[in-house]
Amino acid sequence: MPGQSTRSFADLGLPVVLVHSLRNAGARDPFPIQVAAIPDALAGRDVLGRAPTGSGKTLAFSLPILVHLAGKRSAPAAPRGLILAPTRELALQIREVLDIHGATFGLRTVGVVGGVPLERNVRDIQRGVDIVVATPGRLIDLLQRRSITLEHVEVTVIDEADRMVDMGFLPQVDSLLAATRAHGQRMLFSATLDGEVDGLVEKFLKDPAVHSTAAAVSEPDMTHFVFRIDAARKTEVAAALANRDGKTLLFLRTTHAVDRLTDECLALGVPVSSLHGNKTQAHRTRSLAAFGEGTSVALIATDVAARGVHVDDVTLVV
């Protein structure tokens with residue numbers, strides 16, 4: 001996916017070895033939020049980014065963290081980098097990005113999310129980790145068990161801060177930030193910067209560099225349709241849409257509705273996957289993999305999939 005800038009990653013001050021890693025991963029040109037935020041982040045400034053999902057912000061904060069932490073080792077259970085994300089899927093996708101480019105520096109990343117056995121998180125952390133990518137609830141659990149300390153965290157990122165507020169995570173985020181170094185670098189990214197998000201900024205960010213960009217990708221050719229149908233035909237129409245050529249993403253309001261429509265589609269012979277917060281992490285991972293690989297033609301989900309889940313070539317959203 002091409003960026004929208006004439007500047008290169010090398011122009012932003014990134015090490016050559018990291019530029020090569022980006023090129024090998026298919027990232028050649030930076031997006032606007034990356035052009036704007038990376039130089040300030042590399043300079044050690046706090047960063048406040050207003051950037052929606054799909055704008056390329058993951059690299060905007062991941063690359064500076066890697067550069068900042070390179071060349072040193074973290075003590076067991078004492079990470080020096082922390083990234084907070086609202087959903088398991090987003091946290092694990094961020095971790096994958098860090099794994100790819102962190103290998104360049106020998107940095108170790110662990111994903112700490114619910115749905116994974118707590119003992120596995122503890123084991124991974126005790127082996128030594130430089131960057132933890134976490135959902136707030138699971139990280140709070142580990143802190144309360146004294147399985148991890150955040151006292152050595154030098155760089156903290158809050159991704160999708162407005163989503164954190166919507167999901168009721170603000171108290172946990174507040175306490176986690178308070179547990180990190182008072183003078184560490186902090187970056188916050190959010191689609192909106194008002195209300196409780198603004199309060200978080202005022203409390204924890206020091207004279208931040210503020211950057212605001214639109215989404216990196218627009219779809220001028222997107223077409224919208226409205227179907228007016230009887231309630232009795234909703235499943236029939238939804239199954240037909242799911243079974244069309246191309247990948248389809250269907251959003252429903254409740255976990256019960258997702259399970260019901262999934263079962264109905266499977267009974268009609270339509271190979272679909274499902275995703276919601278009550279599913280185990282193993283199920284969620286399998287569902288995303290099947291959808292991404294095309295073995296399921298549609299993903300039926302609650303809004304847990306609305307942010308941070310990246311799947312190429314989705315051609316219809318219902």
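Arg80 sits in the loop between helix 3 and strand 2 of this predicted model. Where does its surface stand, buried or exposed? Arg80 has 5% relative accessibility, and because buried means under 20%, Arg80 counts as buried.

Let us look at what surrounds this residue. Leaving aside residues up to four places away in sequence, Arg80 touches Leu69, Lys72, Arg73, Ser74, Leu107, Asp130, His152, Val153, Glu154 and Val155. One of these, Ser74, is joined to Arg80 by a polar contact of 2.8 Å between the two side chains. Another of them, Glu154, is 74 residues from Arg80 in sequence, yet the C-alpha atoms of Arg80 and Glu154 are 5.2 Å apart in space.

Now follow the loop back a little to Ala77. Ala77 also has its place between helix 3, which covers 57–69, and strand 2, which covers 81–84. Its backbone deserves a look: Ala77 is not a glycine, but its phi is positive, at about 60 degrees. Most residues other than glycine have a negative phi. Ala77 has 11% relative accessibility and so counts as buried.

A second residue to visit is Arg146, in the loop between helix 6 (136–144) and strand 5 (155–158). Arg146 is not a glycine either, and its phi is positive at about 60 degrees. Is Arg146 buried or exposed? Its relative accessibility is 76%, and because exposed means over 50%, Arg146 counts as exposed. Thus one positive phi belongs to a buried residue, Ala77, and another belongs to an exposed one, Arg146.

Conventions:
Residues are numbered from 1 along each chain as its sequence is written. This is a predicted model: local features need pLDDT of at least 70, side-chain atom pairs count only at pLDDT 80 or more; totals for chains, interfaces and linings use all residues. Side-chain values use heavy atoms; hydrogens and water are left out. Helices (H or I, at least four residues) and strands (E, at least two) are DSSP runs, numbered from the N terminus. Buried means under 20% relative accessible area, exposed over 50%, partly exposed in between (1.4 Å probe, protein chains only). Contact means heavy atoms within 4.5 Å. A polar contact is a pair of N or O atoms within 3.5 Å; within protein, one must be able to donate a hydrogen and the other to accept it, and residues adjacent in sequence count only if both atoms are side-chain atoms.
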